[in-house]
Amino acid sequence: MTNIALFHSVLGVRAGVHDAADRLRAAGHDVLVVDQYEGRVFDDYEEAGRYAESIGYPALMGLAEAAVRDLPDGFLVAGFSNGGGMAEYVATRREVSGVVMLAGALDLAMIGVEAWPAGVPAQIHYTVDDPFRSQAGIDAVVASVRASGASVETFDYPGRGHLFTDPSLPDEHDPESAELLWSRVLSFCAGLA
């Protein structure tokens, strides 16, 4: 069993986040779903982005760090989209066993961090044509993880869905790719236990 902190996307804790937590729990993991929006959810990325900006990303990073204060060292951090950046940030502040970035890998400079934590492995998952995908950001994270001496796996999936694991977003959801993603994430988690 692994303790996992799961961070939502800019849209908030939608059904897809609960689905992810349920999958991880069904595999025997203890999952903390971090809600940085206090229950607010969005259907529109632009509206959600304005809301996140009104809080401020430094404040959101502080909320992320505070949310995991009671977890024992060695937990895994995972996050969707913006939550992937939150997972990265937490990994640089706490002793974690691994990081899973689901359609959200941010160059460390964007979160005010200079180096990846030594030896912490990572996974990065994106669709090939995700409209929010930054290959430069992915490449920067991969280089940082490797420079720390850790392993990093990157997985590309067909399509353009950003939150493609979320069945409540029918224009983005890809059930086949979602199943493949979760098999890879669960294997990664099992390897850390």
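**Exercise 1.** Which residues of H5 are buried? Determine also how the buried residues of H5 are arranged around the axis.

*Solution.* The model is a predicted one. Step 1: helix H5 spans residues 135-147, which gives 13 residues. Its first and last C-alpha atoms lie 18 Å apart, close to the 18 Å expected at 1.5 Å a residue. Step 2: with buried taken as under 20% relative accessible area, the buried residues of H5 are Gly 137, Ile 138, Val 141, Val 142 and Val 145. Step 3: these residues cover an arc of only 135 degrees around the axis, and therefore they lie on the same side of H5.

**Exercise 2.** State what covers the buried residues of H5, and identify the exposed residues on the face turned away from the buried side.

*Solution.* Step 1: the cover of the buried residues includes helix H4 (82-91) together with strands S4 (96-102), S5 (122-127) and S6 (152-157). Step 2: on the face of H5 turned away from the buried side, the exposed residues are Ala 136, Arg 146 and Ala 147.

**Exercise 3.** Examine the positive phi values of Gly 149, Ser 81 and Ala 103.

*Solution.* Step 1: Gly 149, just after H5, has a positive phi of about 90 degrees. Step 2: Ser 81 is not a glycine, yet its phi is positive, near 55 degrees. Ser 81 belongs to the loop between strand S3 (75-80) and H4, and it counts as buried because its relative accessibility is 13%. Step 3: Ala 103, also not a glycine, shows a positive phi of about 60 degrees. Ala 103 sits in the loop between S4 and S5; its relative accessibility is 4%, so Ala 103 counts as buried.

How values were computed
Residues numbered from 1 in each chain as written. Predicted model: local features only at pLDDT ≥ 70, side-chain atom pairs only at ≥ 80, totals over all residues. Heavy atoms only, no water. Helix = DSSP H or I, 4+ residues; strand = E, 2+ residues; numbered from the N terminus. Expected span 1.5 Å × (residues − 1). Buried < 20%, exposed > 50% of the residue type's maximum accessible area, 1.4 Å probe, protein only. Arc of directions from axis to C-beta. Contact = heavy atoms within 4.5 Å.
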